Amino acid sequence: MTNSASTLLLRNLSDVFGEIDPVRRRKAIDEVWQVDGVFYDPNSGPNRGRDEIDRIAGKVKATHPSFRYQPISPPEEIGDGARVRWVSGTPGEPPEYAGTDFIIARDGKIAALYMFLDELRSPQPPNSK
């Protein structure tokens with residue numbers, strides 16, 4: 001099955017980094033990541049291969065088990081690349097952090113993902129006259 005880059009981005013957020021169950025998470029990793037895929041994390045650096053991606057995704061989820069990733073805009077695609085902006089936090093509460101994931105896809109799977117942490121912005125009040 002070939003996945004679009006947009007589908008890969010969204011599945012990685014929900015089924016890999018958002019999944020608490022290790023069996024379901026590993027199944028998703030095998031479905032959306034290349035065997036030699038690389039996840040570039042701004043805190044831990046490059047994580048190479050499915051086993052490392054599984055380890056870091058499990059570690060992240062364990063530190064925030066109630067957090068959910070929510071895209072804040074639709075994914076955008078150009079060629080084999082794509083990006084999605086997201087926020088994360090406990091559902092029903094303000095987000096705790098935000099980020100942007102950029103991927104390079106190869107043969108319908110993620111070959112590389114670059115995660116950037118973004119500044120959380122509060123909604124701006126309308127200008128008063």
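Strands are DSSP runs of at least two residues, numbered from the N terminus, and two of them pair if DSSP finds at least two bridges between them. I note at the outset that this is a predicted model.

**Entry 1. The β6–β7 hairpin**

I looked first at β6 and β7, which form a hairpin with two residues between them. Nine bridges join β6 to β7, and the two strands run antiparallel. To fix one position in this pairing, I looked up D101 and found M115 of β7 as its bridge partner.

I then turned to the loop between β6 (97-106) and β7, where D107 has its place. What is the phi of D107? I read a value near 55 degrees, which is positive in a residue other than glycine. Is D107 buried or exposed? Its relative accessible area is 70%, and the cut-off for exposed is over 50%, so D107 counts as exposed.

**Entry 2. The other neighbour of β6**

I next followed β6 to strand β5, which covers residues 81-89. β5 and β6 pair in the antiparallel sense, and I recorded eight bridges between them. Within this pairing, G81 has I104 of β6 as its bridge partner.

**Entry 3. Strand β1 and its partners**

I looked up which strands pair with β1, residues 33-41. One of them is β7 (residues 109-118), which runs parallel to β1 and is joined to it by four bridges. Here I found W33 opposite I110 in β7.

Strand β2 (residues 45-48) also pairs with β1, in the antiparallel sense and over four bridges. The bridge partner of F39 in β2 is N47. β1 and β2 form a hairpin, with three residues between them.

**Entry 4. Residue P46**

I chose P46 for a closer look, a residue found in strand β2. Its relative accessibility is 45%; exposed requires over 50% and buried under 20%, and P46 is therefore partly exposed. Which residues does P46 contact, leaving aside its neighbours within four places in sequence? I found V38, F39 and Y40.

I also checked P46 against I110. The two are 64 residues apart in sequence, and their C-alpha atoms are 14 Å apart in space.

**Entry 5. Helices α2 and α3**

Two packed helices are described by the angle between their axes and the distance between the axes. I applied this to helix α2 (residues 22-32) and helix α3 (residues 49-63), whose axes come within 10 Å and cross at roughly 135 degrees. Why are the two helices called oblique? Angles over 145 degrees count as roughly antiparallel and 65 to 115 as roughly perpendicular, and the angle of roughly 135 degrees falls in neither range, so α2 and α3 are oblique to each other. The crossing of α2 past α3 is right-handed.

From α2, the contact is made by R25, R26, I29 and D30. From α3, R50, D51, I53, D54, A57 and G58 take part. I sorted the residues of this contact by class: six are charged, three nonpolar and one polar.

**Entry 6. Residue R11**

My last entry concerns R11, which has its place in helix α1 (residues 5-17). Is R11 buried or exposed? I found a relative accessible area of 19%, and buried means under 20%, so R11 counts as buried. Not counting residues up to four places away in sequence, R11 touches V16, A28, E31 and V32.

Definitions and conventions:
Residues numbered from 1 in each chain as written. Predicted model: local features only at pLDDT ≥ 70, side-chain atom pairs only at ≥ 80, totals over all residues. Heavy atoms only, no water. Axes fitted to C-alpha atoms, helices over the stretch in contact; angles between N-to-C directions. Parallel < 35°, antiparallel > 145°, perpendicular 65-115°, else oblique. Left-handed = near helix turned anticlockwise from the far one by under 90°. Contact = heavy atoms within 4.5 Å. Nonpolar A, V, L, I, M, F, W, Y, C, P; charged D, E, K, R; others polar. Buried < 20%, exposed > 50% of the residue type's maximum accessible area, 1.4 Å probe, protein only.
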